[in-house]
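Student: I have the sequence and the model open. Can we work through a few of its packing features?

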Amino acid sequence: MSFRAVLCLTALCTVTLVTGATRTEAKFGGHFEMNARSAAKKYSFTMGGHRGELGTITGESDRCFACKLLVNTIRSMVMDKRPEEDIARAVIDICKQFHFETDRVCAYIVPEYKDMAMTVAQHTALNPNDICGILVGPDCATPYFPTDMWNVTLPDTPKPPVIPPKPPAPGSPKVRFLQLTDIHIDLMYQEGANAICHEPLCCRSNDGKPEAGVPGAGKWGDYRTCDSPLIIVDNLFQHLATKTDEFDFIIFTGDIAAHDVWNQTRTEQLAALDRLVSYFDKYLPGKQVYFCAGNHDTAPCNSFPPDYIKGNLSQEWMYAAMATHWTRWLPGDTKETILRGGFYTFSPFPGFRIISVNNIFCYINNWWLFINTTDPNGELQWLAETLQKAEDAGEKVFILGHMPTNCLKAWSWNYYNIVSRYESTIVGQFNGHTHSDEFRVYYDVANLTRPVNVAYVGGSVTTMSNNNPNYRIYTMDGFYTNSSFAVLDYEDYIFDISANNNNNNSTNPTWKFEYSPLTAYGMNGSTPADWSDLVYRMRDDDELFNKFNRHRSRGGDSTPCTHDCKFEVLCLLKSGRSEDPRLCEDL
């Protein structure tokens, strides 16, 4: 592949890419310069005063340039009706020349995402600046999103007076439930393999051996860029089978498959779902399991097209599998909304309801949303109406969703408004995705100061990256008439990768209790006000914050977190919705 050297001093310039006999032009706004140094097989570029080289895409401005180059290339070639093979070859060459990924990943990831990318390029109203402003951030470009903000219509019923939560009476029944999340099983994990492979996922059988003096992948897992070997997943479920009297039901908050996102198929994703369900059947029979959809539970990864995408590109294949498996623990009437969009609701006990949402419809890397973000599949409208029915019936509600909701702005803000309106009905939210042990506090939309709800983010079974695997058992107010059904506390259990890998008797590894928040953080309770208070106590107490930060990775990451790092962590805990700096002004 070669580039024609250009110098642009006006508002628009053109870069010509030549790949074999293929020639295409990509137009860029602003100042852009590229010069070839063919002898060294290197290229330099200047854009908006920034200089860089192919193969050095590391900084934010480099990522911005790379994004615009790729998006412009795809869009220009699609609009020119170039053959799909030419488009894929051009993008693979750019990927390799810029060293976005290894040559192996480049060769596989482009065909993996080709159909989605080309369809979005054909139908989106966004230009490359808009798309890269969304993907990379506002420092790259300020996106114009025609559907940037839209509003869900809330039911007309006035919000009832808020009654402050009270702890249950002494001796009241309790219920305990298990949360598992982000298992990310890697069938190709191999002990001793190279764990520094410069790809999105390492420690695999085709990664070769590590360099001399560098430790290879550990037996039970590895803190580096690696996922869960089967041996630790087997051990986890064998361990949980010895504790079945300690929890009553299970929530699984998404992400089954490994992070080899460049080489996954629908067949493999369906097999991954089958495999996880078989673990529950074998080791935890009789336990109810409630799922939600994760961004890694599809192929290609992150692809959850809204219902305006039909035919082979639609998500019907995965929704059908989810409906088949999930409804083993759900009533049959949940199938309709699972097939509609991977969400559902049901009541396991009178007065208590579970709602599982598919919030990949809010994920920035779900490229289908570049066509239209407006309430995909009508899910948020359904959520508001479902919560109103729950309020009318006097029910309390748990909401399961894979990701914390600081995601695409319009979806995030609408969801936040719904949570604020139904604060007396929603008594707990449960997420995964970040692989960190953390939480999000939601505040009253009237002034963003009164805490109204909390989302618990449950960590991960995978070690990626610098985490010890964990699971969590919550205690909630029990199943009895007039119960609050509120979360009262939880216990976090971890698998110490370093200790178990170094244990000479590694055939008998151990899971151990790590902490419970009420004891570890000196909390008076587990209400939204208590969690909000913890944020401010950590702001003023470095020792308390450092304890919390160690728990975020379950002791896997010892990197100090001070100053800006500390502010970012605390701000994240208050950011139940995205792009609202007011939430963190007092930190």
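Tutor: Start with helix H10, and keep in mind that this is a predicted model. The buried residues of H10 pack against helix H9 (379-392) and against strands S13 (396-400), S14 (426-431), S15 (437-443) and S16 (451-458).

Student: How many of the 13 residues of H10 are buried?

Tutor: Buried means under 20% relative accessible area. Among the residues that pass are Trp411, Trp413, Tyr415, Tyr416 and Arg421. H10 is largely enclosed by the rest of the structure, because the buried count is eleven of the 13.

Student: Which class fits Asn365: buried, partly exposed or exposed?

Tutor: Asn365 sits in the loop between strand S12 (352-356) and H9. Buried needs under 20%, and exposed needs over 50%. The relative accessible area of Asn365 is 26%, so Asn365 is partly exposed.

Student: Which residues does Asn365 touch, leaving out those up to four places away in sequence?

Tutor: Leu408 is 43 residues away along the chain, with its C-alpha 9.7 Å from that of Asn365. Contact requires heavy atoms within 4.5 Å. By that test, the residues touched are Leu135 and Asn302.

Student: What term describes how H2 lies to H3?

Tutor: Take the axes of H2 (residues 84-97) and H3 (residues 103-123): they come within 9 Å and cross at roughly 135°. That angle makes H2 oblique to H3.

Student: How many nonpolar residues are in the contact of H2 with H3?

Tutor: H2 contributes residues including Ile87, Val91 and Ile92, and H3 contributes residues including Val110, Pro111 and Met118. Five residues of the contact are charged and none is polar; the nonpolar number ten.

Definitions and conventions
Residues are numbered from 1 along each chain as its sequence is written. This is a predicted model: local features need pLDDT of at least 70, side-chain atom pairs count only at pLDDT 80 or more; totals for chains, interfaces and linings use all residues. Side-chain values use heavy atoms; hydrogens and water are left out. Axes are lines fitted to C-alpha atoms, for helices over the stretch in contact, and angles run from 0 to 180 degrees between N-to-C directions. Helices (H or I, at least four residues) and strands (E, at least two) are DSSP runs, numbered from the N terminus. Angles under 35 degrees count as roughly parallel, over 145 as roughly antiparallel, 65 to 115 as roughly perpendicular and the rest as oblique. Ala, Val, Leu, Ile, Met, Phe, Trp, Tyr, Cys and Pro count as nonpolar, Asp, Glu, Lys and Arg as charged, and the others, Gly among them, as polar. Buried means under 20% relative accessible area, exposed over 50%, partly exposed in between (1.4 Å probe, protein chains only).
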